[in-house]
Every structure is written in structure tokens, then in C-alpha cells.
Amino acid sequence: MPELPEVETIARSLQQGGRGQGALPGRVIRSVRLFWERTLAEPGKEEFMKHLPGQRVIEVTRRGKFIVIRLERDWLLIHLRMSGDLRVEAVASKPQPHDRMLILFEDGAGLFFNDTRKFGRVWLLTDPQSILGKLGPEPLDEAFTAREFHTRLAARKRQLKPLLLDQTFLAGLGNIYTDEALFLAHLHPLASSNALSQGQASRLLGSIREVLNEGILHNGASIDWVYRGGDFQNHFHVYQRTGEPCPVCGKPIERILVGQRSSHFCPVCQSV
DNA sequence: AGGGAAACCCGAACGC
DNA sequence: TGCGTTCGGGTTTCCC
């Protein structure tokens, strides 16, 4: 579940060396190995091999669900998608099952990209804005106001659920966090975005921030058997709790399909 | 413009 | 036991 909190956690650990000895900044790339090429590397294997070796890592940050690695000349963007994970080894050992890429550094350290379901992607770019520029605002950015959020919601006429999942509208929310935020805000996933009052928009932004911060606190969620360290899955209010009593009113949680995505909500607390 | 569907993947969890 | 089928997560692309 490569949603914002986990990406945030990994980016932080990569910067601070949290996972083992993983501080990337300062390290110089020696070589790159791709164990899976078909959809992993953009623009392609040849470009990676040609341009990455010799470049020093400057810093590691995050934008939306992307992990952003700034190199001396280029930029590396990593999207973990569903089952992706990053692992840093001070002395790179041999690849493990489902490892898709290894970036080997001159001092022997290695950054492994492991991804069971092969959904993840890595981009090598001279200008990261070609991708990051399309993203909507950061919900955790304090400069992003509830008033601005309300304006953006009112400018569209869409079901709340798909709109919140739209990364160009707001960056970083996935299916879990959207369901949880809508529940906390007492809003129905099918409610129309342009029907929200300023107060409802404010409450929704507050709920989004609460859910994201809670996810970060718990190191993200490990659901669908893909374990990646977090335990936020033990704190869901509605997600994957179909039929269980609503923690607020006791009515069974319902599950519907919205924009092909499963959506969990309380039919009483979240009226349209 | 909004919404639906399919495609990309895999392994768990099911049905028979 | 061993098949086959379904499912779901994020995103892009195509179509109405």
C-alpha cells in the first residue's frame, strides 16, 4: 500500500539512514542492475545504465506518492504503487525474491527496489516537473488552506471519492485514506464535490490531515498479505470492515463500488 | 466534462 | 490433492 504515509516514512528513513545504514545523500552511484525491465524503468534500461553511474545523490524528498531522489545532474522518481518497497544495505548482498532493481554505490552500499506485483515504476528525468508538475496540492502543506480546498471542490462537479483519489486534484491519497477521511468528515463517497459548504470542506481537509498523520504515526498500512512494517491496518474505522458495526453508531459498515474502487462507509453517519 | 471499463501484475483465497 | 477463477491495490488510456 504505497500511499503517502509509507512513502513519507521511507523517504525519511532513506535520508536519515533509518532502515539499517541507508543514508543515500553523498553516496555515488557505481552501477545499476535491472531484474525486470518491461514496465519498471522509464525511459528505459539503456538510459539508466548510461546516465546514472558516477552521479552523486544530493537529497531524498517526497511529493505526493513519489519518492524524489535528486542527483547531481538528473532526478530519479520512484513510485512504489501497491507492493513496492525500498531497502538499503550497507554492503549490498545478492538479490532477494521480487527484487526488481539494484542501484550499487561506489562504497559497496546498495539500494534495492523490491516489488512483488511489478506495479512500481522508476523514472530517470532531467526535469522532474514533467511529472510532479501535474500533481495537485499537498494536503499536509500548511500553506494549503481550507478556503482554497473549498474553492477547488466547488470548481468541479464530481463524486467525492474519485475526486479525492485524483492525484492532479490533491496529491497523496489512496483508497484506504480516502475512505477513512470521508468517514471522519461524515461525508458520503458519492456526494457531489460542488455541493460541499465551506464548513464541510474544512472538516474534510482536517480529516484528511488527521488520517494521514495517523498513518505516518503507524508507519503506514500492511494489508493484503504484503507486509511492510506498518500497522495502520489495525486502526481502520471503515476500510475493509464491511458488515462490522460502525464505531460511532453501530450500524453495519457498507461497501459499494465507486469508480471501480471499493468504498466503505457508514450509511447513517455518512448521509449524502 | 464526467464516468465507465480495460489494461498492467501477482499471490491469496476461494470453488469445485 | 489439484486444478481454475476471482480479487484488489494505483494509474493510464480509451471510449461513451
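The following legends describe close-up views of a predicted model.

**View 1. Strand order in an open sheet of five strands.** The strands are arranged in the order β2-β9-β5-β4-β3, and their pairing is mixed. Strands β2 (41–42) and β3 (57–63) occupy the edges; each has a single partner strand, so one side of each is left without a neighbour in the sheet.

**View 2. Antiparallel pairing of β4 with β5.** Strand β4 comprises residues 66–71 and strand β5 comprises residues 75–79. Five bridges join the two strands, which run in the antiparallel sense. One residue pair may be picked out here: Phe66 has His79, in β5, as its bridge partner.

**View 3. The protein surface near DNA strand B.** DNA strand B is surrounded by 14 residues, of which Arg38, Arg117, Lys118, Arg156 and Gln260 are the closest. Of the atoms of DNA strand B that come within 4 Å of the protein, 71% belong to sugar and phosphate. By residue class, the surface near DNA strand B consists of six charged, five polar and three nonpolar residues.

**View 4. A contact between Arg117 and a base of DNA strand B.** The side chain of Arg117 places a polar atom 3.0 Å from a base oxygen of DNA strand B. Arg117 is also among the closest of the residues surrounding this strand.

**View 5. Contacts of Lys157 and Arg158 with phosphate oxygens of DNA strand B.** Lys157 contributes a backbone N or O atom, which lies 3.2 Å from a phosphate oxygen of DNA strand B. Arg158 contributes a polar side-chain atom, at 3.3 Å from a phosphate oxygen of DNA strand B.

Terms used. Residues are numbered from 1 along each chain as its sequence is written. Chains are lettered from A and ligands numbered from 1 in the order in which they are written. This is a predicted model: local features need pLDDT of at least 70, side-chain atom pairs count only at pLDDT 80 or more; totals for chains, interfaces and linings use all residues. Side-chain values use heavy atoms; hydrogens and water are left out. Two strands pair if DSSP finds at least two bridges between them. Helices (H or I, at least four residues) and strands (E, at least two) are DSSP runs, numbered from the N terminus. A residue is near a molecule or strand if one of its heavy atoms lies within 4 Å of it. A polar contact is a pair of N or O atoms within 3.5 Å; within protein, one must be able to donate a hydrogen and the other to accept it, and residues adjacent in sequence count only if both atoms are side-chain atoms. Ala, Val, Leu, Ile, Met, Phe, Trp, Tyr, Cys and Pro count as nonpolar, Asp, Glu, Lys and Arg as charged, and the others, Gly among them, as polar.
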